[in-house]
Amino acid sequence: KIKLFLKLALQRKYMKLLLSTLSLFFMLFNTSAQEKLPFYEIPATAETYTPQNVLGRMIDGLGFRYYWSTEGLRPEDLAYQPKGAGRNCQETITHLYDLSTVLIRLTTTNFPQKMEKATMSFSAMRAQTLLNLQAVSNRMKASENVSEFDTKKDGKITIPLYNLINGPIADAIWHTGQVASFRRSSGNPINSKINQFSGTVSE
């Protein structure tokens with residue numbers, strides 16, 4: 001009877017351990033699924049060409065490039081700085097976050113930030129930047145007329161949409177390319193399986 005009791009107790013112990021392990025696995029799996037970030041690949045192409053879809057596609061292309069330029073960066077990559085004066089990689093990423101909030105503001109996109117910039121880790125800043133770009137893209141695609149992105153005061157245009165394109169959007173594309181260049185120089189090149197032309201990833 002004692003042997004049977006010990007055997008049953010041991011079985012219960014291992015069963016509890018198994019259940020605990022499975023619970024932890026599913027918890028981690030669900031957390032990972034919830035934290036999936038946009039722009040792993042570019043969203044499906046719109047069937048029609050409209051000013052709204054073209055603008056949104058520009059942001060989607062930026063988001064895709066940003067996703068892969070910043071994916072898997074190590075501390076030594078973030079600290080990398082080219083010789084001479086200029087931002088290091090982390091400072092460039094912070095500037096990209098700032099540009100994403102400029103686009104949020106100038107497109108009047110209602111998308112609050114989850115935390116203060118000063119408290120953000122690299123991963124939190126990366127995630128928020130990607131979510132900001134997704135919100136701006138969605139806002140542009142859903143607009144009735146792209147002229148609503150002209151910043152106006154007293155009925156007069158103070159910042160035309162054209163300046164958003166050659167200003168923060170082009171600037172963000174420029175700096176995203178810098179991050180890709182920095183990481184190559186620090187020995188951690190961008191994933192070779194991505195296709196910038198199609199916005200996809202080969203398995």
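This passage describes the overall make-up of a predicted protein model and then turns to helix H4, its packing against helix H5, and two threonine residues.

The predicted model contains 6 helices and 4 strands, which succeed one another along the sequence in the pattern α-α-α-α-α-β-β-α-β-β. Of the 203 residues of the protein, 34% count as buried, and the accessible surface amounts to about 13,100 Å², with carbon and sulfur atoms contributing 59% of that area. When contacts with a sequence separation of 6 or more are considered, 71% of them are accounted for by residues 24 or more positions apart.

Helix H4 spans residues 89-106 and includes Thr92. With a relative accessible area of 1%, Thr92 is classed as buried, because this value falls under the 20% cut-off. A polar atom of the Thr92 side chain is placed 2.9 Å from the backbone oxygen of Asn88. Once neighbours within four places in sequence are set aside, the residues in contact with Thr92 are Arg87, His175, Gln178, Val179 and Phe182.

Two packed helices are described by the angle between their axes and the distance between the axes. For H4 and helix H5, the latter comprising residues 122-142, the axes come within 9 Å and cross at roughly 30°. Because angles under 35 degrees count as roughly parallel, H4 and H5 are therefore assigned to that class, and their crossing is left-handed. On the H4 side, the contact is made by Gln90, Ile93, Thr94, Leu96, Tyr97, Ser100, Thr101, Leu103 and Ile104. The H5 side of this contact is formed by Phe122, Met125, Gln128, Thr129, Asn132, Leu133, Ala135 and Val136.

The loop between H4 and H5 holds Thr108. In this case the relative accessibility is 55%, so Thr108 counts as exposed, the threshold for that class being over 50%. The side chain of Thr108 nevertheless takes part in a polar contact, at 2.9 Å, with the side chain of Arg139. Thr108 can also be related to a residue further along the chain, Thr151, from which it is separated by 43 residues in sequence and, C-alpha to C-alpha, by 9.3 Å in space.

Taken by residue, then, Thr92 in helix H4 is buried, whereas Thr108 in the loop between H4 and H5 is exposed.

Conventions. Residues numbered from 1 in each chain as written. Predicted model: local features only at pLDDT ≥ 70, side-chain atom pairs only at ≥ 80, totals over all residues. Heavy atoms only, no water. Helix = DSSP H or I, 4+ residues; strand = E, 2+ residues; numbered from the N terminus. Buried < 20%, exposed > 50% of the residue type's maximum accessible area, 1.4 Å probe, protein only. Contact = heavy atoms within 4.5 Å. Areas by Shrake-Rupley, 256 points an atom, 1.4 Å probe, with all protein chains shown as cover. Polar contact = N/O pair within 3.5 Å; in protein donor to acceptor, adjacent residues only side chain to side chain. Axes fitted to C-alpha atoms, helices over the stretch in contact; angles between N-to-C directions. Parallel < 35°, antiparallel > 145°, perpendicular 65-115°, else oblique. Left-handed = near helix turned anticlockwise from the far one by under 90°.
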